[in-house]
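Colleague: Before I use this model in my own calculations, I would like to ask how some of its descriptions were reached. Could you take me through the reasoning for each of them?

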Amino acid sequence: MEITLDKKNKTEGLIKIKLGQSDYQNQVDDKIRDYARKASLKGFRPGKVPNGVIKRMFGKSILVEEINNVLSRKLNDYIKDNKLRIIGEPLPVADQSNQIDWETQKDFEFDYQIGLVEDFTYDLSQKVKIKSHPIAVDEKVIDETVQDLKKRFGKVNYPDTSEVGDNLFGSLKAEDSDFQKESVFFATDKVAKKEQKKFIGLKKDDTVTFEIEKLFDEASELAQLLDVSLEEAKSIKGKHALTLTNISRTEPAEMGQELFDRVFGKDAVKNEEEFIQKIKETIQGNYQRETEHFLDHYIEDHFISNTKISLPEDFLKNWLKATSEGQVTDEVIAKEFESYIRSVKWDLIKNKIADDHNIKVDADEVKAKAREMIIAQFGGPAIASQLQDRLDAITDNYLSNENGQNFMRLYNQLRLERIMKVIKENITVQEKPVSLDEFKKIVEEHKH
């Protein structure tokens, strides 16, 4: 056997494997004998089929199978022994196997294209400065949240005539197309100010006509109303008619213990001051998650942009097409390859940081994370104490579901959290507090 590497350039190479008969014949003979012992053929007693008969009937397929086994094993060993940093998987040279005469040929040569990644460095130091945008919890947001909670836990009634703040239910039909939707509903206070008067004073069975692109200030509201994507919502225009089927109005709940208990649980807060403080803490927690999530995006952007990694792009395009069973076409490559390369680079950087800082996650940690998640979903520690011994079985069942995908999902989540923690501890995070509106604008302008 002879294995050589022909490097075309820094990121692409060709592994050549030459096999002689001695490299595979023993395995082939063993497999033929195994077939003979197990075969059940007409005219022969079980286990007494001659090797020659097996060879005539199955010799070619056995030869191909065993040579492929030898190739796979030796190829993997060569890559490991020579510490080749490959990306993707070795790709057999197209049509090479079609030129082989399996009936008479004794010596074989196989070529595999490989993509290589050269070693690279990254800067993980205080010199790296990344912006973070903590969101300030202002009185306006707290007041809006209180009003929303009062409305959410208020008493619902069904008036005869609509007012601002009511929910309108009905059917929607376009005047200039076949589009219609049998059931829609929206809050009148979400309607653009200039359009609101059209929806005041309406009664059941009334029909109101309007230009749908003017109904809301935000296209996301229209997307939600019509149950379409944001892009689709932005393209929908023209006159539409809403025929009213019902009106609902929520009388806001009174500030008091009943509201406190319904929002946060019985006796979690005892007075309005504690209620407002709890709301503020909840909002701050939600904002902190948003801030951290967006900081992660900034970190990802920085390391991808400032870490030089040469990738075998031509090889990766061929590999994606060859291994996708026709799902990845040239059109898909043209549209999504840039995003794919970005993802590959970020994975390489994360993996190198994890290796350099000995970041590991073991199975017990994944199981503990799954238990925490399941306890939270079931309603907290009180429920967990009732489940007792069943909790382990529930956790094991969850982790084994979807062919282990749930386990890997949590494993990757924990691993990423630890990688990001190491990064944040070693760089300089520059905080600049912003309002919620300012944060939304920053996120909107941030594209990748």
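Modeller: Let me begin with surface, where accessible areas come from the Shrake-Rupley method with a 1.4 Å probe. On that basis the chain of this predicted model exposes about 28,200 Å², and carbon and sulfur atoms supply 46% of that area.

Colleague: What makes the chain more spread out than a compact globule?

Modeller: The globule rule is 2.2 Å times the number of residues to the power 0.38, which for 448 residues gives 22 Å, whereas the radius of gyration of the chain is 33 Å, well over that value, and therefore the chain is called more spread out than a compact globule. Along its principal axes the C-alpha trace spans about 90 × 60 × 50 Å, and the chain holds 14 helices and 11 strands.

Colleague: Why is T395 called buried?

Modeller: Buried means under 20% relative accessible area, and T395 has a relative accessible area of 0%, so T395 is buried. The residue sits in helix α12 (residues 390-400), and, leaving aside its neighbours within four places in sequence, T395 is in contact with K367, A370, R371 and I374. Across the chain, buried residues make up 35% of the 448 residues.

Colleague: What makes β1 and β3 the edge strands?

Modeller: Four strands form an open sheet in the order β1-β2-β4-β3, with antiparallel pairing, and β1 (2-7) and β3 (86-92) each pair on one side only, as edge strands do. Neighbouring strands of this sheet are turned by 20° against each other on average, direction ignored.

Colleague: How do you know that β1 and β2 pair?

Modeller: Two strands pair if DSSP finds at least two bridges between them, and β1 and β2 (residues 12-19) pair in the antiparallel sense over 6 bridges, which meets that cut-off. One of the bridge partners in β2 is L14, which is matched with D6. Helix α2 (residues 51-81) lies across β1, β2, β3 and β4 (108-116), and runs at about 135° to β2.

Colleague: Which residues touch the most other members of the largest nonpolar core?

Modeller: Of its 33 residues, those are I299, F303, L311, W346, L348, I423 and I427. The elements that give two or more residues to this core are β3, α7 (272-306), α8 (313-322), α9 (330-356) and α13 (405-426), and α9 gives the most, with 9 residues. Apart from this core lies another, of 27 residues, among them I32, V49, V53 and L71.

Key
Residues numbered from 1 in each chain as written. Predicted model: local features only at pLDDT ≥ 70, side-chain atom pairs only at ≥ 80, totals over all residues. Heavy atoms only, no water. Axes fitted to C-alpha atoms, helices over the stretch in contact; angles between N-to-C directions. Contact = heavy atoms within 4.5 Å. Buried < 20%, exposed > 50% of the residue type's maximum accessible area, 1.4 Å probe, protein only. Core = buried A, V, L, I, M, F, W, Y, C linked by side-chain atoms within 4.5 Å.
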